[in-house]
Amino acid sequence: VQLQASGGGLVQPGGSLRLSCAASGSIFSINTMGWYRRAPGKERESVAAISAGGRTTYADSVRGRFTISRDNAKNTVYLQMNNLRPEDTAVYYCNAGVLSPGSTSYKGYWGQGTQVTVSS
């Protein structure tokens with residue numbers, strides 16, 4: 001199973017970016033999908049998550065500015081980021097809980113990370 005993240009880049013404060021993360025490989029089903037980030041000198045933190053049924057959770061720091069969504073047919077999760085701030089600068093990682101054919105439990109997988117830089 002591989003997770004391929006894309007959509008990062010350089011944006012001015014107040015701007016927007018949309019991250020995508022597509023899962024591929026030996027997949028029977030996916031439960032929770034989410035986004036994490038690690039800023040320089042800080043620990044990794046959870047940004048947002050979405051269940052298979054569409055229930056969402058957000059970090060307080062991004063609630064109201066970021067929106068997580070998913071396309072189950074494409075095994076893809078998105079993160080729409082609006083009104084970006086310099087403190088949102090970080091490497092963003094996607095995560096998914098995957099059940100592979102023949103397996104009896106879900107396993108967590110990580111994408112490679114995509115850099116988001118918010119600066120004027």
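Leaving aside neighbours within four places in sequence, Arg65 is in contact with Gln80, Met81, Asn82, Asn83, Leu84, Arg85 and Asp88. Keep in mind that this is a predicted model. Arg65 sits in the loop between strand S6 (56-58) and S7, and its side chain makes a polar contact with the side chain of Asp88 at 2.8 Å. From there, the points below move on to a four-stranded sheet, a nonpolar core, an aromatic pair and a few loop residues.

**Arg65**

- Is Arg65 buried or exposed? Arg65 counts as buried, because its relative accessibility is 7% and the cut-off for buried is under 20%.
- One of the residues that Arg65 contacts is Asn83, which appears again under the loop residues below.

**The open sheet**

- Four strands make up an open sheet, with the order S1-S3-S8-S7 and antiparallel pairing.
- Which strands are at the edges? They are strand S1 (2-6) and strand S7 (66-71), each of which pairs on one side only.
- On average, and with direction ignored, neighbouring strands of this sheet are turned by 15 degrees against each other.
- S1 and S3 are joined by five bridges in the antiparallel sense; here Gln4 has Ala22 in S3 as its bridge partner.
- Strand S3 (residues 17-24) and strand S8 (residues 76-81) also run antiparallel, and six bridges join them. In this pairing, Ser20 has Tyr78 of S8 as its bridge partner.
- In a regular strand, side chains alternate between the two faces of the sheet.
- S1 shows this alternation: Leu3 and Ala5 point to one face and are buried, whereas Gln2, Gln4 and Ser6 point to the other face and are not buried.

**The nonpolar core and Leu79**

- In soluble globular proteins, nonpolar side chains tend to be buried together.
- How many residues does the largest nonpolar core have here? The count is 32, and the residues with the most contacts inside this core are Trp35, Val47, Phe66, Ile68, Leu79, Met81 and Tyr92.
- At least two residues of this core come from each of S1, S3, strand S4 (29-38), strand S5 (45-50), S7, S8, S9 and strand S11 (114-118).
- S9 gives the largest share of this core, with five residues.
- Leu79, found in strand S8, is buried, with a relative accessible area of 0%.
- Not counting residues up to four places away in sequence, Leu79 touches Leu17, Arg18, Leu19, Trp35, Val47, Ala48, Phe66, Thr67, Ile68 and Tyr92.
- For a distance check, the C-alpha atoms of Leu79 and Val91 are separated by 13 Å, and these residues are 12 apart along the chain.

**The aromatic pair**

- A pair of aromatic rings is described by the distance of the centres and the angle of the planes.
- The structure holds one such pair. Why is the pair of Tyr36 and Trp110 edge-to-face? The ring centres are 4.9 Å apart and the planes stand at 65 degrees, and planes over 60 degrees apart count as edge-to-face.
- Because Tyr36 lies in strand S4 and Trp110 in strand S10 (residues 107-110), the pair ties together parts that are 74 residues apart in sequence.
- Both partners count as partly exposed: Tyr36 at 25% relative accessibility and Trp110 at 37%.

**Loop residues worth a look**

- Thr89 lies in the loop between S8 and strand S9 (90-99).
- The Thr89 side chain reaches the backbone oxygen of Pro86 at 2.9 Å, and also the backbone nitrogen of Val118 at 2.9 Å.
- Not counting residues up to four places away in sequence, Thr89 touches Ala39, Pro40, Gln115, Val116, Thr117 and Val118.
- Asn75, in the loop between S7 and S8, has a phi near 50 degrees, a positive value in a residue other than glycine. Asn75 is partly exposed, with a relative accessible area of 24%.
- Asn83, in the loop between S8 and S9, likewise has a positive phi, about 50 degrees, although it is not a glycine. For Asn83 the relative accessible area is 40%, so this residue is partly exposed.

Technical notes. Residues are numbered from 1 along each chain as its sequence is written. This is a predicted model: local features need pLDDT of at least 70, side-chain atom pairs count only at pLDDT 80 or more; totals for chains, interfaces and linings use all residues. Side-chain values use heavy atoms; hydrogens and water are left out. Two strands pair if DSSP finds at least two bridges between them. Axes are lines fitted to C-alpha atoms, for helices over the stretch in contact, and angles run from 0 to 180 degrees between N-to-C directions. Buried means under 20% relative accessible area, exposed over 50%, partly exposed in between (1.4 Å probe, protein chains only). A polar contact is a pair of N or O atoms within 3.5 Å; within protein, one must be able to donate a hydrogen and the other to accept it, and residues adjacent in sequence count only if both atoms are side-chain atoms. Contact means heavy atoms within 4.5 Å. A nonpolar core is a set of buried Ala, Val, Leu, Ile, Met, Phe, Trp, Tyr and Cys residues joined through side-chain atoms within 4.5 Å. Rings of Phe, Tyr and Trp (its six-membered ring) pair if their centres lie within 6.5 Å; planes under 30 degrees apart count as stacked, over 60 as edge-to-face and the rest as tilted.
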